[in-house]
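Biologist: I'm new to this one. Could you show it to me and let me ask how you know what you say about it?

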Amino acid sequence: MDVASFILRPAARILVAGLVAACLPILVPPHALGVVPDRDAFASLAVGVSRRADVVLTLGEPHYRLDGDRFLMYEWTVAYGYLIFGGPGAAAALPVSAPHYLCFEFAPDGRLVRKDELAGAIYSEPDKAIDKCMHPSENVDEAIDR
Amino acid sequence: MRSVFFASLIFLPACVFLLGCETARVVPSAEIVKQEGFIVEGKTRKKEVLDRFGPAQSSFESGALLIYHVQLDEQGRIHLRRDKRFRCDAYVLVFDSHDVLERHSLVKNGCR
């Protein structure tokens, strides 16, 4: 594992940030922040059977609509730990988190042809997740460089 | 004062852990006690929806799929969302090729 990929790991980011900021990092079990798509609904959507309408009817409005709605993406945030800042009489916790995405691709007739979950700090920039969703077989960095 | 800091080690993350997340989920029709009365699958026409609700917040598939931002109140009633400070639910309406309502759902926390 190279240094860059180590730093991109959420747990490592918490420790590094804690050391740099002179605050106390706390690791917690990964858990979602904000609004999370219904995972049971995601599992129930069947490639080749479900349609674009089924996805929207069960998951609601997508965060990203790409290439004429050929791709739809949903985003939420997962926290891996907290940085605790404190002093006399006051304290605050800052979550260390990374975005997660659900990616759906549809055929011209509206049928679902692919569904993926994209997770990890490598997608901290939405552009990388969008490129990975639209070009699943390509290396993310190569897609960004195009 | 030091105890405040140490208490926060557990208390603050625990608060976020317990309160920080909601799931966008389809609301069972049984939880909706009073829906807009004219919304009937197989009967309601798109023009009627547009006349009553106005333009949709999102439109897909050349207008065959509309999303309205609404709020489901504690009594199970649906209201068009007027105050953007509060939670937003997605009212999803799917029309067939004759612009007749085919399916619909209410997704709690379903707006983006």
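Modeller: Here we go through disulfides, salt bridges, buried residues and one chain overall, and keep in mind that this is a predicted model.

Biologist: Let's start with disulfides. How many are there over all chains?

Modeller: The count comes to two over all chains. One is formed by A:Cys103 and A:Cys133, and another by B:Cys88 and B:Cys111.

Biologist: What makes A:Cys103 and A:Cys133 a disulfide?

Modeller: The sulfur atoms of A:Cys103 and A:Cys133 are 2.0 Å apart, and the cut-off is 2.5 Å. The pair is within that cut-off, so it's called a disulfide. A disulfide, in general, is a covalent bond between the sulfur atoms of two cysteines.

Biologist: And why is the disulfide of A:Cys103 and A:Cys133 called right-handed?

Modeller: The torsion about its S-S bond is about 80°, so the disulfide is right-handed. The pair also links distant parts of the chain: A:Cys103 sits in strand β4 (residues 90-106) of chain A and A:Cys133 in helix α5 (residues 126-134) of chain A, 30 residues apart.

Biologist: Are those two cysteines buried or exposed?

Modeller: Buried means under 20% relative accessible area. A:Cys103 has 0% relative accessibility, so it counts as buried. A:Cys133 also comes out at 0%, so it's buried too.

Biologist: Now the chain B pair. How do you know that B:Cys88 and B:Cys111 form a disulfide?

Modeller: Their sulfur atoms are 2.0 Å apart, which is within 2.5 Å, so the pair passes. The torsion here is about -65°, so this disulfide is left-handed. B:Cys88 is in the loop between β4 (78-80) and β5 (89-95) of chain B, while B:Cys111 is in the segment after β6 (101-108), 23 residues away in sequence. Both cysteines are buried.

Biologist: On to salt bridges. What makes A:Asp54 and B:Arg103 a salt bridge?

Modeller: Their side chains meet at 2.6 Å, N to O. The cut-off is 4 Å, and 2.6 Å is within it, so the pair is a salt bridge. A:Asp54 lies in helix α4 of chain A and B:Arg103 in strand β6 of chain B, so the pair joins two chains.

Biologist: Why is A:Asp54 called buried?

Modeller: Its relative accessibility is 16%. That's under 20%, so A:Asp54 counts as buried. Leaving aside residues up to four places away in sequence, A:Asp54 touches A:Leu45 and B:Arg103.

Biologist: What about its partner: why is B:Arg103 called partly exposed?

Modeller: B:Arg103 has 29% relative accessibility. Partly exposed falls between the 20% and 50% cut-offs, so B:Arg103 fits.

Biologist: How many salt bridges does the structure hold over all chains?

Modeller: There are 14 over all chains. Among them is the one between A:Arg39 and A:Glu117, at 2.4 Å from N to O. This pair links distant parts of the chain, with A:Arg39 in helix α3 and A:Glu117 in strand β5 (residues 112-119) of chain A, 78 residues apart. A:Arg39, at 38%, counts as partly exposed, and so does A:Glu117, at 36%.

Biologist: How do you know that A:Asp109 forms a salt bridge with A:Arg111?

Modeller: Their closest N and O atoms are 3.6 Å apart. That is within 4 Å, so the pair counts. A:Asp109 is partly exposed at 43%, and A:Arg111 is partly exposed at 31%. Elsewhere, salt bridges that share partners join A:Asp67, A:Arg70, A:Glu105, A:Arg114 and A:Asp116 into one network.

Biologist: Why is A:Ser50 called buried?

Modeller: A:Ser50 has 7% relative accessibility, which is under 20%, so buried is the right word. A:Ser50 is found in the loop between α3 (39-44) and α4 of chain A. Not counting residues up to four places away in sequence, it touches A:Ser44, A:Leu45, A:Gly110, A:Arg111 and A:Leu112.

Biologist: Last one: what pattern does chain B follow along the sequence?

Modeller: Chain B reads α-β-α-β-β-β-β-β, which is two helices and six strands. Of its 112 residues, 40% count as buried. Chain B exposes about 6,700 Å², with carbon and sulfur atoms supplying 54% of that.

How values were computed: Residues are numbered from 1 along each chain as its sequence is written. Chains are lettered from A and ligands numbered from 1 in the order in which they are written. This is a predicted model: local features need pLDDT of at least 70, side-chain atom pairs count only at pLDDT 80 or more; totals for chains, interfaces and linings use all residues. Side-chain values use heavy atoms; hydrogens and water are left out. Contact means heavy atoms within 4.5 Å. Helices (H or I, at least four residues) and strands (E, at least two) are DSSP runs, numbered from the N terminus. Buried means under 20% relative accessible area, exposed over 50%, partly exposed in between (1.4 Å probe, protein chains only). Accessible areas come from the Shrake-Rupley method with a 1.4 Å probe; for residues, only the protein chains shown count as cover.
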